Structure formats: structure tokens, C-alpha cells
Amino acid sequence: MASLPLAACAHRPQLGTRSRIGVATFNIWHNAGGHWPARRALLADALRAADADVIALQEVLEDAGRGLPNQAATIARDLGYPDVHFVAPEAEGSPKRYGNAILTRLPVIEVARRKLEPLSDYRTAIRVRVQDGHGPVDVVATHLAWQPGAAAVRAEQLADLLAWLPTDRTPLIVMGDFNAPLDDPGLTAMGPPRFTSALPAGAAATTLNPARGHAPRVIDHIFAETAAFAVADAHVIGDQPVAGEYPSDHFGVAARLTRR
């Protein structure tokens, strides 16, 4: 279930003179915490309100033993997104897989997947090249090492990711759960001058949900290449409970990026 086209489910936006691309990232917390059906609806509501052209999801689970279809495919159907692409460390066809996904309503040019070094940490990245009104854009979703002291591992993962990307100067957006704030030494490669964070330091109090026992930290990020994009706006999504339930133990981040 690496690529799950849902072309019958949604309408693709018309290409033309649009100067902005909307993106969002959300760690969906697999099926933890119980109440997946309720959380699924809240995730869909938050992402629908974000109105993003491309969505990155982390902690996506598919588990045949529990009768759980791929969660990214389920959310794509809920939202009416025509394409969803998934990557996991486990081989395609395995009964249980856990990884990252990209949903898009823009035309897809190509998809690539990567198991990140060090392989012992079982981290992955997925790149989807989409076509917006001004040409191709590479969008990458990833989820890095979680340990507070793992800055060196995160740096190695990002070095591997960036070295894997095409060198044809296609504009690049990298999104996901980086498990570290912007000042973490492991995220140096995602800083200026090459990249701009959609949410600059201090713009949000947290993307970890304190109601789920987390200390406040902003660890979910959208990084856009500075030469290709300016940040028109960015904000946290899914940070309000409904009937006492939250979409996840993370909050999402959504942004509008203007093509330069």
C-alpha cells in the first residue's frame, strides 16, 4: 500500500496563475490513546480547515491483525484527496506497517522513498513531486529520532535525506515531526540560508499536546527553501478539544507559501 490513488474521490484544483501552495503536517499518533474513530474525525476536521494542497502525516499505521486499514488512506478518503503515498521500514505487503505519508490534491509527477541512515533507527522519508501553477515542487515528509540526546542522529538522518534529494533545483519543502525545536544542533541543516521555518522561533507555544502529558515544545516543522518561497502565513492546527477529545498527542502546523 505504498501508493494509494483515490482519483475518484476528489476534484483536482485547476492549475494556472495561483502563486501560493498550501501545506500542512500532522503527527496523527497512530491508534494510541483509544478512540481512533473520534480522533479520525477530528483530524479530518482540522486538516479540512487548513485547506492544504499537500499534507504530510507521521505515525501512520496499517495493521491487518487489528483490522486497521492504512490510516493515511482513510484520512485521504475522508478529505477527498485523490492521491496518498506511504512509506514504512517494513516491506510492502507486511501485515503491520508504520511510517509517513503524503496526501495531495495536486497532480503527482513522481514519488520516491528512503530508509534513512542510520538504519538502526528505522526512520524514513518520502518525496512527492507535484505540479502547481508555477511548475514542479518537491515535498518531503519525515519523522526523526525522538530521544532528547539524539541530536547527532537527527543530523545524520537529515544529511542522508538531503543527499538523497534530486539536484535539479526543483523548489523544496520538507515537513514532519523532527522531534526537536529549531535550536537543536541536529536541525542545523534545515536553517538559514537555505531554509526558512514557516513557524519562526516563538511563533507558537507548542506542537506537543500538554493535555497528553507532554512538556510544551515546538517540534513539528515546515521548512521551505528560502530562494523559492516566502511564508505568507502559518499557524498551529488541531489544538482545541471537542467534547474533551483531541485529534492527537501533537498539534499540526499549516502554512501558505508564496512562490517567488
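Which strands does helix H3 lie across? I began with this question, keeping in mind that the model I was reading is a predicted one. Helix H3, residues 151-164, lies across S5, strand S6 (124-132), S7 and S9, and I noted that helix H3 runs at about 145° to S5.

**Entry on the sheet.** I then followed the strands themselves and found that 6 strands make up an open sheet, in the order S5-S6-S7-S8-S10-S9, with mixed pairing. At the edges I found strand S5 (108-115) and strand S9 (195-197), each of which pairs on one side only. From one strand to the next, the twist averages 20°.

**Entry on S7 and S8.** I looked up how strand S7 (residues 135-143) is joined to strand S8 (residues 172-177), and wrote down 6 bridges between these strands, which run parallel. As one example of a bridge, I recorded that Thr142 has Gly176 in S8 as its partner.

**Entry on Thr124.** I turned next to a single residue of strand S6, namely Thr124. Is Thr124 buried or exposed? Thr124 has a relative accessible area of 3%, and because buried means under 20%, I entered Thr124 as buried. I also noted a polar contact of 2.9 Å between the side chain of Thr124 and the side chain of Asn100. Leaving out residues up to four places away in sequence, I listed the residues that Thr124 touches, among them Val87, Ala88, Pro89, Asn100, Arg114, Lys115 and Leu116. The list also includes Ala141, Thr142 and His143, and Thr142 is the residue I had already entered as the bridge partner of Gly176 in S8.

Terms used. Residues numbered from 1 in each chain as written. Predicted model: local features only at pLDDT ≥ 70, side-chain atom pairs only at ≥ 80, totals over all residues. Heavy atoms only, no water. Pairing = 2+ DSSP bridges. Helix = DSSP H or I, 4+ residues; strand = E, 2+ residues; numbered from the N terminus. Axes fitted to C-alpha atoms, helices over the stretch in contact; angles between N-to-C directions. Contact = heavy atoms within 4.5 Å. Buried < 20%, exposed > 50% of the residue type's maximum accessible area, 1.4 Å probe, protein only. Polar contact = N/O pair within 3.5 Å; in protein donor to acceptor, adjacent residues only side chain to side chain.
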